[in-house]
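Colleague: Got a minute to go through this model with me? Let's bring it up on screen.

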Amino acid sequence: MALLDILTYPDPRLKQVSQPVQVFDDALRAFVADLEETMRAGPGGVGIAAPQVGRFERIVIVDISAMRKLPKGSSNSGRLLLINPEITEWEGMVMGREGCMSVPDYTGNVIRAEKISFTACDEFGASREYCCEGFEARAVQHEVDHLDGMLFLDRLVSRRSDLFRRKVYKKKDEK
Ligand code: NI
């Protein structure tokens, strides 16, 4: 396995629309293992999408169970590998804080559906239906956005009031 390099904003490749996976073979599964390792190595890595490592295929992984404190009211499905995901139902709207491995210096407040239903394939091409809510639903929507070339930055109502610099990553010479 290998850690993959993460593209960071404003790399124009993050705006590229990813293509559906058509071949479910060992090479795909090896890539998924690398993608997951890369997600787990990242700070607060609860989700990752293939285009973030420069592979423009519709593959995302979400796993919020690694969070120190699981947000209240959130479903927790453990590891979700979602290939060719399609969100089919959206319910409710809620504002919440998001970060992204491709936007390491900021977090932002984004409005998302509270509850979603979606379908996706596993690494062998078998399709399944899912329901998620709360923070897990937010993470899935965030990652699926990457497949369409969207970052959370594109969904902020106002950069002035909804974008926050991360303190954790502040450089030593900053106050
Ligand atoms: Ni992201």
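Colleague: Let me start with His-146: buried or exposed?

Modeller: His-146 is buried, at 2% relative accessibility. Buried here means under 20% relative accessible area, exposed is over 50% and partly exposed is in between, with a 1.4 Å probe and protein chains only.

Colleague: Anything I should know about the model before we go on?

Modeller: It's a predicted model, with local features needing pLDDT of at least 70 and side-chain atom pairs counting only at pLDDT 80 or more, while totals for chains, interfaces and linings use all residues. Residues are numbered from 1 along each chain as its sequence is written, and side-chain values use heavy atoms, with hydrogens and water left out.

Colleague: OK, which residues are the protein donors of the nickel ion?

Modeller: Cys-100 through SG, plus His-142 and His-146 through NE2, at 2.1 to 2.3 Å from the nickel ion. Donors are N, O and S atoms within 2.8 Å of the metal (3.2 Å for Na, K and Ca), and since water is not among the atoms, sites may look incomplete.

Colleague: How are the donor residues spaced in sequence?

Modeller: The pattern is C-x41-H-x3-H. His-142 and His-146 are four residues apart in helix H2 (residues 135-147), so about one helical turn separates them. Helices (H or I, at least four residues) and strands (E, at least two) are DSSP runs, numbered from the N terminus.

Colleague: And what is the relative accessible area of His-142?

Modeller: 5%, so His-142 is buried.

Colleague: Switching to pockets. How much space lies in the largest pocket?

Modeller: About 760 Å³. There are 27 lining residues, and Pro-43, Gly-44, Val-46, Gly-99 and Arg-166 are the closest to the centre. On a 1 Å grid over the protein atoms alone, a pocket is an open set of points where a 1.4 Å probe fits, with protein on both sides within 12 Å along at least five of seven lines, and lining residues have an atom within 4 Å of a point. The volume is the space filled by probe spheres set on the points, which are joined across faces, edges and corners.

Colleague: Which element gives the largest share of that lining?

Modeller: H2, with six residues. By class, the lining of the largest pocket divides into eleven nonpolar, nine polar and seven charged. Ala, Val, Leu, Ile, Met, Phe, Trp, Tyr, Cys and Pro count as nonpolar, Asp, Glu, Lys and Arg as charged, and the others, Gly among them, as polar.

Colleague: What about the second largest pocket, what volume does it have?

Modeller: About 260 Å³. Its lining has 15 residues, with Trp-90, Arg-112, Gln-141, Asp-145 and Arg-155 nearest the centre. S3 gives the largest share of that lining, five residues.

Colleague: Any backbone oddities?

Modeller: The Tyr-9 to Pro-10 peptide bond is cis, with omega near 10 degrees. Asn-84, in strand S3 (residues 80-98), has a positive phi near 55 degrees. Most residues other than glycine have a negative phi, and most peptide bonds are trans.

Colleague: Last one: where does Asp-63 lie?

Modeller: In the loop between strand S2 (59-62) and S3. Asp-63 is buried, with a relative accessible area of 5%.

Colleague: Which side chain does the side chain of Asp-63 make a polar contact with?

Modeller: That of Arg-40, at 2.8 Å. A polar contact is a pair of N or O atoms within 3.5 Å; within protein, one must be able to donate a hydrogen and the other to accept it, and residues adjacent in sequence count only if both atoms are side-chain atoms.
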